[in-house]
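Colleague: I am new to reading protein models, and I would love a close look at one part of this one. Could you take me through it slowly?

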Amino acid sequence: MKRSIYLMVIALLIVWQVEAQINTPQPSPLGEVSQTVGLAEVSIEYSRPGVKGRKIFGGLEAYDKLWRTGANMATKLTVSDEVMIEGNALPEGEYALFSIPGEEEWTMIVNKNVNQGGTGNYDEGEDMFRFTVPAKKIDMPFETLTFMFSDLTNTGAKLHLVWENTMVSFGIEDPNVDKNVMAQIEEQMADPGDDPNMYYAAANYYFNADKDMEQAQEWIDKAVELNSDRYWVVHLQAKIHEKNGSYESAMAAAKKSKELAEENGNQAYVKMNDELMATISDQM
């Protein structure tokens, strides 16, 4: 009996200790930012320390010394497909992102070993590559370490690291966008059926990538034939006809797109069609 009571007391103490734990905010909470770059998914997972009244670069984080580019575990960079980072090929996978901050420029390091806390286990032999980027002073200080994407294009983006009054940036490109999109177009347009969206998507890519404009015109005309009520599709038809020198049909399409846009209350497309009609008129 005494042993049973003893075990019960121990069990209650364990439960009490678990329940008595206090959940408090972390000093460097975990954060993640992700972005589709071209067709690849790129994400950064990192712990986000704050300035908290300290001098950061050249102080807390010494210049010319290896840094895990965050707090706690090394910052993790994940890519869903091969990308190019500042001209360096990086295969699909997970990587650690280290850096060596400098007053004028930083050395960025992409390392194979993603499961690293701090820099104690860092092995230069596991580096995928290194590259340097300029360090810029910014007018609006950032209290918390922040990664963010900007300058998105069909194939690339910029990734920025900002903290305190410093920003470093580097470019990420998806080198396989055209190959992958063209493979999809070849497969889907072999038998598109009567799907206007398929014709529109193929024509839109050909137009923006400056490919075969005669083929693009054939596809966009078919898209409009199948569904003529969408002002953005008719607007693309006008742009493709204009690019091919078919000014009369381009003007007719631009007027039709403007009418549809007005009916739908889209003033942005009304304005774009006015500008397009002015351009077409100058060439007629």
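Are tyrosine 46 and phenylalanine 147 buried or exposed? Please tell me about the aromatic rings around there, too.

Modeller: Happy to! Please keep in mind that this is a predicted model. To answer you directly, tyrosine 46 and phenylalanine 147 are both buried. For comparison with the rest of the molecule, 40% of the 284 residues of the protein chain count as buried.

Now let us look at the rings. Searching the whole structure turns up twelve aromatic pairs. One of them is formed by tyrosine 46 and phenylalanine 147, whose ring centres are 4.8 Å from each other. The angle between their planes is 80°, and the pair is edge-to-face; planes over 60 degrees apart are given that name. Try finding the two residues on the strands: tyrosine 46 sits in strand β2, which covers residues 40–47, while phenylalanine 147 sits in strand β9, covering residues 136–150. Those parts are 101 residues apart in sequence, so the pair ties them together.

A second pair makes a nice companion. Tyrosine 206 and tryptophan 219 are also edge-to-face, with 4.9 Å from centre to centre and 70° between the planes. Here the partners come from helices: tyrosine 206 belongs to helix α3 (residues 196–208) and tryptophan 219 to helix α4 (residues 213–226). The two are 13 residues apart, and the pair links distant parts of the chain. Why do these two count as buried? The limit is a relative accessible area under 20%. Tyrosine 206 is buried because its value is 11%, and tryptophan 219 is buried because its value is 10%.

There is also a group to look for: Phe57, Trp67, Trp106 and Trp163 form one aromatic cluster.

Finally, step back to see where these rings belong. The protein chain has seven helices and ten strands. Among its contacts between residues at least 6 apart in sequence, 54% join residues at least 24 apart. As for its overall form, the radius of gyration is 28 Å, whereas a compact globule of 284 residues would have one near 19 Å. Along the principal axes, the C-alpha atoms fill a box of roughly 95 × 60 × 35 Å. On the outside, the chain exposes about 15900 Å², and carbon and sulfur atoms supply 49% of that area.

Conventions
Residues are numbered from 1 along each chain as its sequence is written. This is a predicted model: local features need pLDDT of at least 70, side-chain atom pairs count only at pLDDT 80 or more; totals for chains, interfaces and linings use all residues. Side-chain values use heavy atoms; hydrogens and water are left out. Helices (H or I, at least four residues) and strands (E, at least two) are DSSP runs, numbered from the N terminus. The radius of gyration is taken over C-alpha atoms; the globule rule is 2.2 Å times the number of residues to the power 0.38. Buried means under 20% relative accessible area, exposed over 50%, partly exposed in between (1.4 Å probe, protein chains only). Contact means heavy atoms within 4.5 Å. Accessible areas come from the Shrake-Rupley method with a 1.4 Å probe; for residues, only the protein chains shown count as cover. Rings of Phe, Tyr and Trp (its six-membered ring) pair if their centres lie within 6.5 Å; planes under 30 degrees apart count as stacked, over 60 as edge-to-face and the rest as tilted.
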